[in-house]
Amino acid sequence: MKTRPKKETPPRKKDPSSWRLTPGEKLWILRLSALLFAVSLLCAIGWGFKRFYFLKNPVFAIQSLDNICVESSGAAFSRMIMEPFGVKPGNNVFALMTSGDWLARLRASPNIRKVDAEIRLPSTLYVKVVERDPVASLDTPGRWVVDEEGVVFNVRGYAAPPPLLISGFEGIETIEPGQHVPEHVFSAIQLALQLARGSYSFRVLSIDAARRDEFVLRFNDFRLARINWPNMENGDREPSADMTRRLSMLSVVYASPYAIGSVFNVTGPSGRVAVSQD
């Protein structure tokens, strides 16, 4: 028997009433709208309260320099220096903390390593400053010094720069505060730190860092020493055991009455000290 082909039934049109919201859905949307309105209202109230009560209230204004408390790691920084950064009597402490411009400028100062600030109600601003500690002076026209992170900065007028001088490296004539020294000079910085921490029979006045693979030390008796150690050209960020060992060997030979000569050579692979007249 032949089967009749089935007729295709056209798709049914959706009943417009099916798009209507149920009472439960209407209630859910109403609650969500009320919640969003309440949050927006609270934000507006909070902003207005902050602006007109905290930021404009004279109770929270710095009354005098006594309300600017500065704790500094060095003796050079005081509350008097805060005024050039925009912190002075009459400023609102909440407005200062909200803007943060003065804090950003203070942190950008080459002499500053770290700054933290907090409010002590009602009107006292407490600032904790960690200043950079100079490790060595640089042989530059200005009174530039460098810290252990390799950052160049200028010591303040009443602070004495370190007596140890680092010289000779490329770009030293044009280097400016806030910049970093070249990579291999970090090894000279670690050398300066070790000389300050250790006890040696000599006193180094300067470190010539013109070469990446060798430094020249100038002693206070006008004698010289050429010294290097493995990987020094990469810039040591920590004290090198080879550097410490070679300094100790140099100290022993330097103190010996049999070490007759003006130049000490500590550049061999073994680290032994040779003495010559030039």
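**Salt bridges.** I began with R113 and E149, whose side chains meet in a salt bridge with an N to O distance of 3.0 Å; since I am working from a predicted model, I treat this value as computed from the coordinates. I then looked up where the partners sit, and found that the pair links distant parts of the chain, with R113 in strand β2 and E149 in the loop between β5 (144-146) and β6 (152-154), 36 residues apart. For the whole structure I noted 11 salt bridges. As background, I kept in mind that side chains of opposite charge can pair when their charged atoms come close.

**The sheet that holds β2.** From R113 I moved to the sheet around its strand, which is open, consists of 3 strands in the order β1-β3-β2, and has mixed pairing. Which strands stand at its edges? I found β1 (68-72) and β2 (112-120) there, each pairing on one side only. Neighbouring strands of this sheet are turned by 15 degrees against each other on average, with direction ignored. I followed β2 to its partner β3 (residues 124-131) and recorded that they pair in the antiparallel sense over 8 bridges; in this pairing I112 stands opposite E131 in β3.

**Backbone geometry.** Between β2 and β3 I stopped at P122, which is found in the loop joining those strands, and I noted that a cis peptide bond joins L121 and P122, with omega about 5 degrees. I also marked F222, a residue other than glycine whose phi is positive, near 75 degrees; F222 is found in the loop between β9 (215-219) and β10 (224-227). I flagged both entries because most residues other than glycine have a negative phi, and most peptide bonds are trans.

**The sheet of 9 strands.** Next I traced the open sheet with mixed pairing whose 9 strands run in the order β6-β5-β4-β7-β8-β9-β10-β11-β12. Its edges are β6 and β12 (274-276), and each has a single partner strand, so one side of each is left without a neighbour in the sheet. The average turn between neighbouring strands here is 30 degrees, direction ignored. As one example of the pairing I took β7 (residues 165-167) and β8 (residues 204-208), which pair in the parallel sense over 3 bridges, with S167 standing opposite D208 in β8. On this sheet I then found α5 packed, touching β9, β10, β11 (263-266) and β12, and its direction makes about 150 degrees with that of β11.

**The helix pair α4 and α5.** Having reached α5, I looked up its crossing with α4. How do the axes of the two helices lie? Those of α4 (residues 185-197) and α5 (residues 241-255) come within 11 Å and cross at roughly 50 degrees, which makes α4 oblique to α5. I recorded the crossing of α4 and α5 as right-handed. Then I listed the residues that make the contact: Q190, L191, Q194 and L195 come from α4, while M243, T244 and L247 come from α5. Sorted by character, the residues of the contact of α4 with α5 divide into 4 nonpolar and 3 polar, with no charged residue.

Notes:
Residues numbered from 1 in each chain as written. Predicted model: local features only at pLDDT ≥ 70, side-chain atom pairs only at ≥ 80, totals over all residues. Heavy atoms only, no water. Axes fitted to C-alpha atoms, helices over the stretch in contact; angles between N-to-C directions. Helix = DSSP H or I, 4+ residues; strand = E, 2+ residues; numbered from the N terminus. Parallel < 35°, antiparallel > 145°, perpendicular 65-115°, else oblique. Left-handed = near helix turned anticlockwise from the far one by under 90°. Contact = heavy atoms within 4.5 Å. Nonpolar A, V, L, I, M, F, W, Y, C, P; charged D, E, K, R; others polar. Pairing = 2+ DSSP bridges. Salt bridge = Lys/Arg side-chain N within 4 Å of Asp/Glu carboxyl O.
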